[in-house]
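Please look through the model below with its sheets, its helix crossings and one of its pockets in mind. The paragraphs after it take these topics in turn.

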Amino acid sequence: MSSDPIDHAVSRVRAALRACEDLELRPPATEAAVAAFEQRIGVRLPASLRTFVLGVADGIWTDDEPWLYGLDDLALEVGNGHGDPARPFAYGDAEASAMLAALAELPDGAGVLDDSRLAALQQHGDPHGCLTIANHGGNDFSVLVVTGEQAGWVWRTGELDVPETRELYSAARGATPLDFLSWLEVWAEEFG
């Protein structure tokens with residue numbers, strides 16, 4: 001049995017995805033397809049996404065729509081001008097910590113979109129340094145950061161940019177940031 005943390009995380013994600021009905025896991029990508037994609041965007045994919053795409057699935061679909069974008073969907077997003085993955089991500093560790101602290105201090109029932117402290121921490125425009133991995137409807141996206149201090153972490157972008165946390169999927173508030181595989185495992189648990 002492997003002691004690699006990514007292998008353990010992939011095993012947990014596989015188990016969580018098996019419990020979900022109505023999901024179609026696309027066949028894994030080839031090493032050549034991943035290398036061509038990386039060359040096109042000018043960035044090597046984080047190890048967790050690379051491992052998932054090569055060993056589990058090149059995207060996940062539900063109801064005839066992509067939920068987790070595969071390489072072709074990611075290429076379309078990049079081609080449509082939604083930020084440049086090779087440029088540094090606008091938010092660093094300090095900004096991420098400040099946002100998580102502001103979220104944790106919100107009173108129960110307070111709306112995150114109306115919080116002046118969070119608003120002051122926001123950058124404007126499509127974020128660079130990340131890949132849109134899922135569209136949750138409207139102007140609500142999950143992105144995987146591929147450059148800068150936050151590389152490997154998942155962020156929620158759209159009307160408000162914030163690090164994705166486990167607590168976004170429950171009633172609790174807190175500051176447990178999610179890397180790609182942790183995010184996918186949480187999503188699969190919620191979906192299933």
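Strands 4, 5, 6 and 7 form an open sheet of four strands in the order 4-5-6-7, with antiparallel pairing, where strands are DSSP runs of E of at least two residues, numbered from the N terminus, and two strands pair if DSSP finds at least two bridges between them. The edges of this sheet are strand 4 and strand 7 (162-163), each of which pairs on one side only. Strand 6 and strand 7 run antiparallel and are joined by two bridges; Arg156 has Val162 in strand 7 as its bridge partner. This is a predicted model, in which local features need pLDDT of at least 70 and side-chain atom pairs count only at pLDDT 80 or more, while totals for chains, interfaces and linings use all residues. Residues are numbered from 1 along each chain as its sequence is written, and side-chain values use heavy atoms, with hydrogens and water left out.

The second largest pocket draws two or more lining residues from each of strand 4 (130-135), strand 5 (140-145) and strand 6 (154-158). A pocket here is an open set of points on a 1 Å grid over the protein atoms alone, where a 1.4 Å probe fits, with protein on both sides within 12 Å along at least five of seven lines, and lining residues have an atom within 4 Å of a point. Its lining has 15 residues, with Asp126, Pro127, Phe141, Thr157 and Gly158 nearest the centre, and its volume is about 230 Å³, taken as the space filled by probe spheres set on the points.

A second open sheet has three strands in the order 1-2-3, again with antiparallel pairing. Strand 1 (24-25) and strand 3 (65-68) each have a single partner strand, so one side of each is left without a neighbour in the sheet. Strand 2 (residues 60-62) pairs with strand 3 in the antiparallel sense over three bridges, and Thr62 has Glu65 in strand 3 as its bridge partner.

Turning to the helices (DSSP runs of H or I of at least four residues), the axes of helix 2 (residues 31-41) and helix 3 (residues 47-55) come within 10 Å and cross at roughly 140°. Helix 2 and helix 3 are therefore oblique to each other, a term for angles that are not under 35 degrees, over 145 or from 65 to 115. Helix 1 (residues 5-18) also crosses helix 3, at roughly 55°, with axes that come within 11 Å, and this pair is therefore oblique as well.

Methods:
Axes fitted to C-alpha atoms, helices over the stretch in contact; angles between N-to-C directions.
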